[in-house]
Amino acid sequence: MTGIIFIFFACLLWAADTLIRYPLLFGGSSAQQIVLFEHLILVVMIVAVFIFQRRKFNFVSRKTIVPFIVIGIFGSALGTLAFTEAFYLSNPTVVILLQKLQPLVAVTLAYVLLKEKISPRFFLWLGLALLGSFLLIWPDLQKLLSSFKETEINHNSNALWGYGLALFAVISWGSATVFGKKLSTQGVDSVNIMAGRFSFGLLGMLPFAFMTPTLITTIEISIVQKILILALMSGLIGMYLYYQGLKRIPAHWATLAEMFFPVAAIFTNWLFLNVEITQVQMLGAITLIGASTMVQFRIPVENTAKSA
């Protein structure tokens with residue numbers, strides 16, 4: 001149960017992150033600028049941790065290079081950028097629906113790459129969690145269905161490109177969960193995994209900085225201060241909690257626990273932005289949380305935790 005609790009708390013921090021990230025985005029800062037400076041700050045923070053703990057910078061090897069590329073360049077940097085851009089190009093509700101495919105990607109890769117044994121009962125809880133997540137977005141889903149009736153959805157090339165970016169993000173994030181678990185099974189500790197994630201994430205963002213130097217030259221100090229809070233809250237602390245949880249449970253359990261994020265986001269909006277929670281959403285939250293926690297009580301660890 002400890003592993004799932006760690007991931008639940010990480011999801012709480014990621015949900016609180018949206019209170020700063022989205023106002024920045026809609027206030028004029030680009031996604032590239034936010035993600036670039038976020039990784040730059042995170043690398044500075046993790047270097048400070050290494051110096052304080054007198055660690056050696058030897059976490060990259062032939063065995064870890066591919067996992068770090070996946071969780072850093074794709075999961076941490078490009079996946080986040082792709083998902084954010086998809087919101088601008090496509091129908092946000094459809095983008096969120098596509099994001100629900102992430103557990104299926106992670107479960108499939110956990111079975112294929114990590115050789116995790118997946119109990120048939122796990123798919124029952126996964127199905128309930130997916131049902132709960134759909135109930136959480138039911139108000140938006142109703143609007144989407146209404147727009148279909150009114151033929152208001154614009155299926156142009158930009159929208160299709162946006163859906164493609166959303167799928168790219170889903171595959172990147174699902175893969176990052178599995179390869180993060182792979183690093184853990186190879187004996188790489190949480191701090192080293194974070195160091196590789198942030199460093200490779202920064203590498204993935206550098207081409208954007210070279211192509212658009214104004215990302216660096218035009219940023220204001222007040223924006224940097226807000227990104228600093230993001231980096232500390234959801235980056236450093238949030239990812240540390242996440243990897244503490246991931247090392248304790250199989251990857252396919254972790255992806256189920258990550259589905260607590262939309263629950264945390266809805267309650268965060270309710271607490272801080274006075275966004276109403278409907279009865280259907282409350283039912284969805286209960287269903288999702290119940291499915292995410294019951295998997296650990298109902299499915300023996302020995303049937304699921306075998307890793308390559």
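# Buried and exposed residues and helix packing

Thr 268 counts as buried at 8% relative accessibility, where buried means under 20% relative accessible area, exposed over 50%, and partly exposed in between (1.4 Å probe, protein chains only). The model is predicted: local features need pLDDT of at least 70 and side-chain atom pairs count only at pLDDT 80 or more, while totals for chains, interfaces and linings use all residues. Residues are numbered from 1 along each chain as its sequence is written, and side-chain values use heavy atoms, with hydrogens and water left out.

Thr 268 belongs to helix α13 (residues 260-273); helices are DSSP runs (H or I, at least four residues) numbered from the N terminus. A polar atom of the Thr 268 side chain lies 2.7 Å from the backbone oxygen of Ala 264. When residues up to four places away in sequence are not counted, Thr 268 touches Ala 15, Ala 16, Leu 19 and Leu 273, contact being defined as heavy atoms within 4.5 Å.

A second residue to consider is Ile 96, found in helix α4 (residues 92-99). With 21% relative accessibility, Ile 96 counts as partly exposed. Apart from neighbours within four places in sequence, Ile 96 is in contact with Phe 87 and Ile 137. Between the C-alpha atoms of Ile 96 and Asp 140 there are 9.7 Å in space, although these residues are 44 apart in sequence.

Helix α5 (residues 102-113) has twelve residues, which at 1.5 Å a residue should span 16 Å; its end C-alpha atoms are 16 Å apart, in agreement. The expected span is 1.5 Å times one less than the number of residues. Buried residues of α5 are Gln 102, Pro 103, Val 105, Ala 106, Val 107 and Ala 110.

Most residues other than glycine have a negative phi. The table lists two non-glycine residues with a positive phi, Arg 54 and Lys 115.

| Residue | Phi | Location | Relative accessible area |
|---|---|---|---|
| Arg 54 | about 55° | loop between α2 and α3 | 78%, exposed |
| Lys 115 | about 60° | loop between α5 and α6 | 49%, partly exposed |

Lys 115 comes just after α5.

Helix α2 (residues 31-53) packs with helix α9 (residues 190-211) at an angle of about 145°, with the axes 8 Å apart. Axes are lines fitted to C-alpha atoms over the stretch in contact, and angles run from 0 to 180 degrees between N-to-C directions. The crossing of α2 and α9 is left-handed, which means that the near helix is turned anticlockwise from the far one by less than a right angle; clockwise is right-handed. Among the contact residues are Val 35, His 39 and Phe 50 of α2 and Asn 192, Phe 198 and Met 205 of α9. The residues of this contact divide into 16 nonpolar, five polar and no charged. Here Ala, Val, Leu, Ile, Met, Phe, Trp, Tyr, Cys and Pro count as nonpolar, Asp, Glu, Lys and Arg as charged, and the others, Gly among them, as polar.

Helix α2 also packs with helix α11 (residues 221-246), at an angle of about 65° and with axes 9 Å apart. This crossing of α2 and α11 is right-handed. Contact residues include Phe 37, Glu 38 and Met 45 of α2, and Ile 227, Ser 234 and Gly 235 of α11. The contact of α2 with α11 comprises 13 nonpolar, three polar and one charged residue.

Notes:
Helices (H or I, at least four residues) and strands (E, at least two) are DSSP runs, numbered from the N terminus. A polar contact is a pair of N or O atoms within 3.5 Å; within protein, one must be able to donate a hydrogen and the other to accept it, and residues adjacent in sequence count only if both atoms are side-chain atoms.
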